[in-house]
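Student: I'd like to learn how to read helix packing and aromatic contacts from a model. Can we work through one together?
Tutor: Sure, let's bring it up.

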Amino acid sequence: MRQFLRLVLLAIVAGSISGCGYNAIQQKDEAVKAGWSEVLNQYKRRADLIPNLVNTVQGYAQQERQVLTEVTNARAKVGQIQVNADDAASLQQFQQAQGVLGSALSRLLVVSENYPTLKSDQNFRDLQAQLEGTENRITVARGRYIQLVQDYNTYIRSFPQVITAKLFGYAAKPNFSVENEAQIAQPPTVDFGNRPAPQPQTPPPAPAPAQ
């Protein structure tokens, strides 16, 4: 009889936990962790391409030392960051460092346009294609992670899951911010009313009569 009552009690407790969203919180939390791992994986893929890319460009454009140094230093800084995705300040620092690296890489690719021999190098073209593909993967991974975090945060803030989240110590997670947020917040300037009116064209002077 006692064993039967114990089983009934366990069933009630399990049903209560399931009904209050505990299991779903676990699943969403694990999904966020998996999404973050994919983000890190793609960023690492980009970082691994940089040394070969820098060496290839340097072989044809040694005079572009400033750009090459910027890329190398930005990559080193990214590698030194110990990011904690659950800490907003740490995530922001990580995002800023990755943004600096991305900008440096863009400048490096622009510089390469000035060297036709470099552009025709097969190794450089392969690295450039891999880098472009990695940037696309980073965009996809970041977008998926943003959605997963939004889903998780919305869920644990809803009733009755909010009670369960507080009882078990689950807090809202920080998320990636828009890198050009300040620019996006400003509406574009559109002005159709202040264009200067077209000036009337003065006809050319008549030719002088023949003497």
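Student: Are Trp36 and Phe94 buried or exposed?
Tutor: Keep in mind that this is a predicted model. The general idea is to look at relative accessible area, where under 20% means buried. Here Trp36 is buried, and Phe94 is buried too.

Student: What kind of aromatic pair do Trp36 and Phe94 form?
Tutor: For ring pairs you check the distance between centres and the angle between planes, and over 60 degrees counts as edge-to-face. Trp36 and Phe94 are edge-to-face, with 5.6 Å centre to centre and 65° between the planes. Trp36 sits in helix α2 (residues 22-60) and Phe94 in helix α4, so the pair ties together parts that are 58 residues apart in sequence.

Student: How are the rings of Tyr145 and Phe176 arranged?
Tutor: Use that recipe again. Their centres are 5.8 Å apart and their planes stand at 75°, so this pair is edge-to-face. It links distant parts of the chain, 31 residues apart: Tyr145 belongs to helix α6 (residues 122-156), while Phe176 is in the loop between α7 (161-167) and α8 (181-185). As for accessibility, Tyr145 counts as buried at 1%, and Phe176 is buried at 8%.

Student: Which residues form one aromatic cluster?
Tutor: Pairs can join up into a group. In this case Trp36, Tyr43, Phe94, Tyr145 and Phe176 make one cluster. The count of aromatic pairs comes to six.

Student: Now the helices. At what angle do the axes of α3 and α4 cross?
Tutor: You compare the N-to-C directions of the two axes, and angles over 145 degrees count as roughly antiparallel. The axes of α3 (residues 65-80) and α4 (residues 88-112) cross at roughly 155° and come within 9 Å. That makes α3 roughly antiparallel to α4. The crossing of α3 past α4 is left-handed.

Student: Which residues of α3 and α4 meet?
Tutor: On the α3 side you have Val67, Leu68, Glu70, Val71, Ala74, Arg75 and Val78. Their partners in α4 include Ala97, Val100, Leu101, Ala104 and Leu108. By type, the residues of this contact divide into twelve nonpolar, one polar and three charged.

Student: And Glu30, how accessible is that one?
Tutor: Between the buried and exposed cut-offs lies partly exposed. Glu30, in helix α2, falls there at 46% relative accessibility. For a long-range check, look at C-alpha distances: Glu30 and Leu148 are 118 residues apart along the chain, yet their C-alpha atoms are separated by 9.9 Å.

How values were computed: Residues numbered from 1 in each chain as written. Predicted model: local features only at pLDDT ≥ 70, side-chain atom pairs only at ≥ 80, totals over all residues. Heavy atoms only, no water. Axes fitted to C-alpha atoms, helices over the stretch in contact; angles between N-to-C directions. Helix = DSSP H or I, 4+ residues; strand = E, 2+ residues; numbered from the N terminus. Parallel < 35°, antiparallel > 145°, perpendicular 65-115°, else oblique. Left-handed = near helix turned anticlockwise from the far one by under 90°. Contact = heavy atoms within 4.5 Å. Nonpolar A, V, L, I, M, F, W, Y, C, P; charged D, E, K, R; others polar. Phe/Tyr/Trp six-rings, centres within 6.5 Å; stacked < 30°, edge-to-face > 60°. Buried < 20%, exposed > 50% of the residue type's maximum accessible area, 1.4 Å probe, protein only.
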